[in-house]
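Please open the model in your viewer and keep the sequence beside it. This tour moves from one selection to the next and describes what is found at each stop.

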Amino acid sequence: MPARSESLVTAGLDDYRFVASLHVQHPSVDPNEVTVALKQEPKSVKRRGERRRRPDGDLLTGNYDENHWSVDLEIVAGHDVPEFLRYLINTPTSDAMDLTRRIDDTGGSVTVFIGVFADRLCDFEIPASTLRQLGDAGVSVRLDYYGVSNEQNSDAAEQSGEREPPVMRDLKS
């Protein structure tokens, strides 16, 4: 099956879409080392000591206090979240596993961020064996849920100053 940047899971009442990215943070591990070990070009790199920037590139006050490396992850079309995580943890190289363990052991973090988009009930179970493998590799999982239809909440969001998550705007059909 072809790889994509998002997956649509159709399971009757449990239909949902999801996207995933990998984020690596550490005070001293060089982002170039992450690129080599994971064999992926990052979408974003922020280096410790560099001036902080807004997403539009304008400068902010202060400097980054650690290195940050991130990449959007490809998802095999049709995989649900548990299948995606099983596939992800079963494909890394030993170099990648050594690095993710070292980062986790020395005060950094390696996190698979999963954004789930659904109109209604959406549930899935991540098997203990997959969670154990991720934990042994020093990899955390962050799940964020976004309702696909924000029309009902748009007035409240406007009044509170909150805006729709950027990734949500990108996924609307």
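Select Gly115 and you will find that it stands opposite Asp144 in β10, where strands are DSSP runs of E with at least two residues, helices are runs of H or I with at least four, and both are numbered from the N terminus. Moving along the pair of strands, you can pick Ala118, which stands opposite Gly147 in β10. These positions belong to a parallel pairing in which nine bridges join β9 to β10, and two strands count as paired if DSSP finds at least two bridges between them.

Before going further, note that this is a predicted model, in which local features need pLDDT of at least 70 and side-chain atom pairs count only at pLDDT 80 or more, while totals for chains, interfaces and linings use all residues. Residues are numbered from 1 along each chain as its sequence is written, and side-chain values use heavy atoms, with hydrogens and water left out.

Now show β9, α4 and β10 together, since they make a right-handed β-α-β unit; a crossover is called right-handed if, with the strands pointing away from the viewer, the path from the first strand over the helix to the second runs clockwise. Next add β3, which pairs with β9 in the antiparallel sense over nine bridges, and select Val24 to see that it stands opposite Val110 in β9.

How much of β9 is covered? Nine of its ten residues are buried, where buried means under 20% relative accessible area, exposed means over 50%, and partly exposed lies in between, with a 1.4 Å probe and protein chains only.

Stay in strand β9 and select Thr111, which is buried, with a relative accessible area of 18%. Leaving aside neighbours within four places in sequence, Thr111 is in contact (heavy atoms within 4.5 Å) with Ser21, Leu22, His23, Ser140 and Arg142. If you draw a distance between the C-alpha atoms of Thr111 and Arg142, which are 31 residues apart along the chain, it comes to 6.8 Å.

The next stop is the aromatic rings. Rings of Phe, Tyr and Trp (its six-membered ring) pair if their centres lie within 6.5 Å, and planes under 30 degrees apart count as stacked, over 60 as edge-to-face and the rest as tilted. By this rule there are four aromatic pairs. Select Tyr16 and Phe18, whose ring centres are 6.2 Å apart and whose planes meet at 40°, so this pair is tilted; Tyr16 and Phe18 are both buried. Then select Phe117 and Tyr146, a stacked pair with 5.0 Å from centre to centre and 20° between the planes. This pair links distant parts of the chain, with Phe117 in strand β9 (residues 109-118) and Tyr146 in strand β10 (residues 139-147), 29 residues apart. Phe117 is buried, as is Tyr146. To see a cluster, select Tyr16, Phe18, Phe84 and Phe124, which ring pairs link together.

From Phe84, widen the selection to helix α2 (residues 81-89), in which Val81, Pro82, Phe84, Leu85 and Ile89 are buried. They cover an arc of only 160° around the axis, which puts them on the same side of α2, the arc being that of the directions from the helix axis to the C-beta atoms. The elements that cover these buried residues include β3 (16-26), β8 (75-76), β9, α4 (128-136) and β10.

For a contrasting stop, go to Lys39, in the loop between α1 (31-38) and β4 (44-46). Is Lys39 buried or exposed? At 56% relative accessibility, Lys39 counts as exposed. Lys39 also has a positive phi of about 55° although it is not a glycine. Most residues other than glycine have a negative phi.

Finally, display the whole protein chain, which has six helices and ten strands, and in which buried residues make up 35% of the 173 residues.
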